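Thank you for sharing this model; here are some remarks to read alongside the coordinates. They go residue by residue and then turn to the core and a pocket.

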Amino acid sequence: MEYNWFAIGKRIQELRVSKGWSQDEYVEQLRTQDVNTTRSRISAIENGSKDKISFPILLASSKLFDCDIGYILGEYAYKTRKACDINEVLGLSENAIRQLAYLKAASPGVIEALNRLIEFNDSDVIRLVEDFLKFDCIDQIETKHGSFNGQALEQMFLLEIVSE
């Protein structure tokens, strides 16, 4: 596989900046991972110099930035291969995947409710969910069950799901 070293350098720079680190602070973080390097080497890497990057820098960077090495190398668009695969199958954004993973750990009941909602085979309820998602800024939604505002509609969904 042919790598775009300039793009790799820019990705490392973006990740570093997203952490709020200067190049010197990034060097210090790398040292906590037993990687001895210099600010000038990091600058060269960020400017696309392929002879300056090393496997230890890639490995330590993936740990520091909580991503796969493949993401740093530009092999995929999401921080992990798993997130990339989930996006490919379901079309979920990286943020949606991260939120679902958080909910699974923090609020298993929410994931159970989402599963029930997704598995629920009632076209009226599915249509209401679609309407809610498309028009959640609308004050009222008319249904065969009556007129609902966004909060009441959300509560109705949860009650319908839990009662199943």
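The numbered points below take up a helix, its surroundings, two loop residues and a pocket in turn.

1. The structure is a predicted model, and the remarks that follow should be read with that in mind. A convenient place to begin is helix H4, which spans residues 55-64 and whose buried residues are Ile-57, Leu-58, Ala-60, Ser-61, Ser-62 and Leu-64. The cover over these buried residues includes H2, H3 and H5.

2. Within that helix, Ser-61 deserves a separate look. Ser-61 has a relative accessible area of 1% and therefore counts as buried, since the cut-off is under 20%. Once neighbours within four places in sequence are set aside, the contacts of Ser-61 are with Tyr-26, Leu-30 and Ile-72.

3. Those three contact partners of Ser-61 reappear in the description of the largest nonpolar core, which has 25 residues and in which Ile-12, Tyr-26, Leu-30 and Ile-72 touch the most other members. At least two residues of this core are supplied by each of H1, H2, H3, H4, H5 and H6, and the largest share, four residues, is that of H4.

4. Tyr-26 can be followed further into its surroundings. If residues up to four places away in sequence are not counted, Tyr-26 touches Ile-12, Arg-16, Trp-21, Ile-42, Ile-57, Ser-61, Leu-64 and Phe-65. Of these, Ile-57, Ser-61 and Leu-64 are among the buried residues of H4, while Ile-12 is one of the core residues that touch the most other members.

5. What does Gln-23, a residue of helix H2, contact beyond its neighbours within four places in sequence? The partners are Arg-16, Arg-39, Ile-42, Ser-43 and Glu-46. The C-alpha atoms of Gln-23 and Ile-42 are separated by 6.7 Å, although the two residues are 19 apart along the chain. Gln-23 is itself buried, because its relative accessible area of 15% falls under the 20% cut-off.

6. Two aspartates call for a check of the backbone. Asp-34, in the loop between helix H2 (23-32) and helix H3 (39-46), has a phi near 65 degrees, which is a positive value in a residue other than glycine. Asp-66, in the loop between H4 and helix H5 (69-72), likewise has a positive phi, near 50 degrees, and follows H4.

7. Are these two aspartates buried or exposed? Asp-34 has a relative accessibility of 75% and so counts as exposed, the threshold being over 50%. Asp-66, at 62% relative accessibility, is exposed by the same threshold.

8. Asp-66 also enters the description of the second largest pocket, whose volume is about 350 Å³. The lining of this pocket consists of 14 residues, and those that lie nearest its centre are Asp-66, Thr-80, Ala-83, Glu-94 and Arg-98. Helix H1 (5-18), helix H6 (81-90) and helix H7 (94-106) are the elements that give two or more residues to the lining, with H7 giving the most, four residues.

9. As to the chemical character of that pocket, its lining residues divide into six nonpolar, two polar and six charged. Asp-66 therefore brings together three descriptions: a positive phi, an exposed position at 62% relative accessibility, and a place among the residues nearest the centre of the second largest pocket.

Methods. Residues numbered from 1 in each chain as written. Predicted model: local features only at pLDDT ≥ 70, side-chain atom pairs only at ≥ 80, totals over all residues. Heavy atoms only, no water. Buried < 20%, exposed > 50% of the residue type's maximum accessible area, 1.4 Å probe, protein only. Contact = heavy atoms within 4.5 Å. 1 Å grid on protein atoms, 1.4 Å probe; cavity = no way out; pocket = protein on both sides within 12 Å on 5 of 7 lines; lining within 4 Å. Points joined across faces, edges and corners; volume = space filled by probe spheres on them. Nonpolar A, V, L, I, M, F, W, Y, C, P; charged D, E, K, R; others polar. Core = buried A, V, L, I, M, F, W, Y, C linked by side-chain atoms within 4.5 Å.
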